[in-house]
Amino acid sequence: MAEVVLTGLSKTYGATQALKDVTLTIPDGAFVVLLGPTGAGKTTTLRLIAGLDQPDAGDIAIGGASVLAETPAQRDIAMVFQQYSLYPHLTVRDNLAFPLRSPMIAMPEDQIAARVAEVAQVLRIPHKLDNKATALSGGEMQRVSIGRALVRNPRIYLMDEPLSSLDAKLRADLRIELKRIHSDLGATFLYVTHDQIEAMTMATHIGVLDQGRLVQFGPPREIYENPVSTYVASRLGQPRIALLPADAFGPPAQFGAPEGAAQIGLRPEHILQGEGPSALVHRLEHLGDQTRLHLDLGPHRIVTLADPHTRLGPGDTLLIRPQSPLWFDAQGQRI
Ligand code: ADP
């Protein structure tokens, strides 16, 4: 396992600048999640680290030394993609053993068998080892894909939306398993997703990408509580942060707005119910683990949380006011 340091990394494809001057340290043993919408540059970052593409500028160091001159195999990285990449004609056992039979590793067969058994246990598929890869469910296939990365002991695991093709229940199970594997192995992970729940539940650090730029990097709580911009603030939190004009509740100074505030950002915990201007209940949404209240404050829509036993319904009114909200300037930067 090793620290990975990206310095001033840039990459252009034709007219598209996919990555712009990205500098980032992935600490040894960290679980770093890159978060951003489609096209933000997440996969490009993984491909450059893996050596599947070369950067136009910048450097990639693993364990203290630049790897730019190394081939993908020499970099000693394991990668898991969104699509399963299994050999359909081989059994699960042989699929898992495949990376260890590479001439570069030359591991004796008895050690391979032991390692495959261990990983099958971790992924809870030991009873499937003799099945053909094609005789598995989607979730089992993706477990085997992850297992093919885990059998090795690479310097870093790169994962590109490995759970996105799975159903919600399996995704939730595998999130927990990946986190457990991370703690058990003490491995370094760089994990790409646009799913904020994956980011919040698994990451030790989150890096937020916006059109090829790394706009914030830090522990999940810090990104959630102290976003540098409306863009970052909107990436985390359910319901999504409400962004309104700074004067939506009245003169902004009355609520402690700093000079230059153009927008007020309100997460549910920033909305005090029972005081302040009147808002109209538009809709109540019961999601089981939370009850969402859709409110109209004049022309503005706010989604916040309600007591699950609330008697409020559409057409009712409710007093609300901001409490320690987030303020942003006209460009959406936090102030
Ligand atoms: P993400 O993984 O965040 O969705 P990508 O890294 O795949 O984003 O892509 C970043 C940008 O680079 C996108 O605009 C994408 O269209 C472009 N891009 C990525 N790979 C290529 C390629 N091989 N050829 C042309 N454009 C590409």
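**Exercises on the contact between two domains**

The protein is divided into domain 1 (4–235) and domain 2 (242–328), with bounds taken from an automatic or database domain assignment. The model is predicted: local features need pLDDT of at least 70, side-chain atom pairs count only at pLDDT 80 or more, and totals for chains, interfaces and linings use all residues. Residues are numbered from 1 along each chain as its sequence is written, and side-chain values use heavy atoms, with hydrogens and water left out.

**Exercise 1.** Determine how far apart the C-alpha centres of domain 1 and domain 2 lie, and how many residues each domain gives to the contact.

*Solution.* Step 1: the C-alpha centres lie 38 Å apart. Step 2: seven residues of domain 1 and six residues of domain 2 take part in the contact, where contact means heavy atoms within 4.5 Å.

**Exercise 2.** State the area buried between domain 1 and domain 2, and identify which three residues of domain 1 supply the most.

*Solution.* Step 1: buried area is the accessible area (1.4 Å probe) that two parts lose on being put together, summed over both. Step 2: about 560 Å² is buried between the domains, and carbon and sulfur atoms give 59% of it. Step 3: Tyr 224, Thr 230 and Ala 233 supply 74% of the area that domain 1 buries against domain 2, more than any other three residues.

**Exercise 3.** Find how many salt bridges cross the interface of domain 1 and domain 2.

*Solution.* Step 1: the rule requires a side-chain nitrogen of Lys or Arg within 4 Å of a carboxyl oxygen of Asp or Glu. Step 2: across this interface the rule finds zero salt bridges.
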